[in-house]
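Here are three short exercises to work through with the model open in your viewer. Try each task before you read its solution.

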Amino acid sequence: MQQTLAIVLWLSFGLVVYAYLGYPLLIWLCSRLFGRVELPPELSDGELPTITLLIAAHNEQAVIGQRLENALALDYPPERMAILVASDGSSDGTAEIVRSFAHRNVRLLDFQANRGKSAVLNAAWSELASELVLLSDANTHIEPAAPRRLVRWFRSPDVGAVCGRLILVDPATGKNVDSLYWRYETFLKRCEGRLGALLGANGAIYAIRRETFVPIPTETIVDDFVIPLLARLKRGCRLVYDAEAVAYEETPARIGDEFRRRVRIGAGAFQSLGLLWPLLSPRYGWLAFSFFSHKLLRWLAPFCLVAMILANLPLGFQPFYRATLLAQATFYGLALIGARLPGKRGAVRLLRLATLFSSMNLALLGGFFRWLSGRQRGAWVRTER
């Protein structure tokens, strides 16, 4: 029995270490040895494909006007770019503000019921006529050159979707506040992109061929993850990451809002497996490897952490395992302290890493039970910014 508990403890520990540290090192090495850096062609105005900027919005009156001004300032020929806002049952002034831009060729689809972003995207797709669709959020600001940088990849007929780079900014100062975790995730995207193993996109900025889109279940929560990978699964297209196509988005003002967002994303992660599990097949090569290591093992990490504690407790009478139990308790204690200490420098920043790791896995665990109970629905509640 003690041997079984020790195996559970160390296997769980090994899987967590591999998911968060081993895999990044391995994918970096593989991307260097086996990956490729592509240089897409620059396109003249006459070569640019038609594109629709599609924004799904719910109660975004505080930001939608600025968002449309940003959209209208993009460096793309107006005759080749359409702007469409799909309002998902907004009960504030979102629809009225969008209508005020009608004379500037901004179109509104005003859906009366709040059904959720996925249902709105499905409904809006039939209204599109352009070759490409640029999906973005109501609180996102896109750099003027970003659409040109995204569309150049589609000269290759096997490219189905292109994900841009999102930079997080402080809502008070407007400064770049990309956390260590966000830089870590961006690093993984770069490496996976070089291997043709990009896992989904970022809802703030990605483009997809209109004909590549596969309608998704209306209760889909993480649409920006499911849509590109479902296209990869059903259409056999390539997904590309372009770090030069940049968008900016403000971070949530309150920590509680961010935690609830992570719980929702966690529920969506487990939900997505019902659609995307075939991508774990070895026939998908690097994509299957990345999906298993980067996503599936990460989603299972909370259960491994719980297993570590439960397996360690009965072994605590042994001095060595008493020390490992104390180490776990110390780590979570430091995470609690990090959540309460002000400031972001020096030792506090190190403590915040423990806080971030713990809160992420707690949110994933909460997301799992939300998904299991069916309590997490596709309809959204706007995050205050």
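Buried means under 20% relative accessible area, and exposed means over 50%. Keep in mind that this is a predicted model.

**Exercise 1.** Work out whether Ser130 is buried or exposed, then look at its surroundings.

*Solution.*
- Start with location: Ser130 sits in the loop between α4 (117-125) and β4 (132-136).
- Ser130 has a relative accessible area of 6%, and the cut-off is under 20%, so Ser130 is buried.
- Next, its side chain: a polar atom there lies 2.7 Å from the backbone oxygen of Leu132.
- Leaving out residues up to four places away in sequence, Ser130 touches Thr50, Ile51, Thr52 and Arg210.

**Exercise 2.** Classify the ring pair Phe225 and Phe291.

*Solution.*
- You want two numbers here: the distance of the centres and the angle of the planes.
- The model has 22 aromatic pairs. For Phe225 and Phe291, the centres are 6.1 Å apart and the planes stand at 70°, so call the pair edge-to-face.
- Now place the rings: Phe225 is in helix α7 (residues 223-235) and Phe291 in helix α9, 66 residues apart, so to speak a link between distant parts of the chain.
- Both Phe225 and Phe291 are buried.
- Zoom out: ring pairs join them into a cluster with Phe270, Trp299, Phe303, Phe368, Phe369 and Trp371.

**Exercise 3.** Describe the lining of the second largest pocket.

*Solution.*
- The volume of the second largest pocket is about 710 Å³.
- It has 23 lining residues, and Val16, Tyr20, Leu21, Phe331 and Phe357 are the closest to its centre.
- By helix, α1 gives the largest share, seven residues.
- By type, the lining splits into 21 nonpolar, two polar and no charged residues.

Technical notes:
Residues are numbered from 1 along each chain as its sequence is written. This is a predicted model: local features need pLDDT of at least 70, side-chain atom pairs count only at pLDDT 80 or more; totals for chains, interfaces and linings use all residues. Side-chain values use heavy atoms; hydrogens and water are left out. On a 1 Å grid over the protein atoms alone, a cavity is a set of points where a 1.4 Å probe fits but cannot get out, and a pocket is an open set with protein on both sides within 12 Å along at least five of seven lines; lining residues have an atom within 4 Å of a point. Grid points are joined across faces, edges and corners, and a volume is the space filled by probe spheres set on the points. Helices (H or I, at least four residues) and strands (E, at least two) are DSSP runs, numbered from the N terminus. Ala, Val, Leu, Ile, Met, Phe, Trp, Tyr, Cys and Pro count as nonpolar, Asp, Glu, Lys and Arg as charged, and the others, Gly among them, as polar. Buried means under 20% relative accessible area, exposed over 50%, partly exposed in between (1.4 Å probe, protein chains only). A polar contact is a pair of N or O atoms within 3.5 Å; within protein, one must be able to donate a hydrogen and the other to accept it, and residues adjacent in sequence count only if both atoms are side-chain atoms. Contact means heavy atoms within 4.5 Å. Rings of Phe, Tyr and Trp (its six-membered ring) pair if their centres lie within 6.5 Å; planes under 30 degrees apart count as stacked, over 60 as edge-to-face and the rest as tilted.
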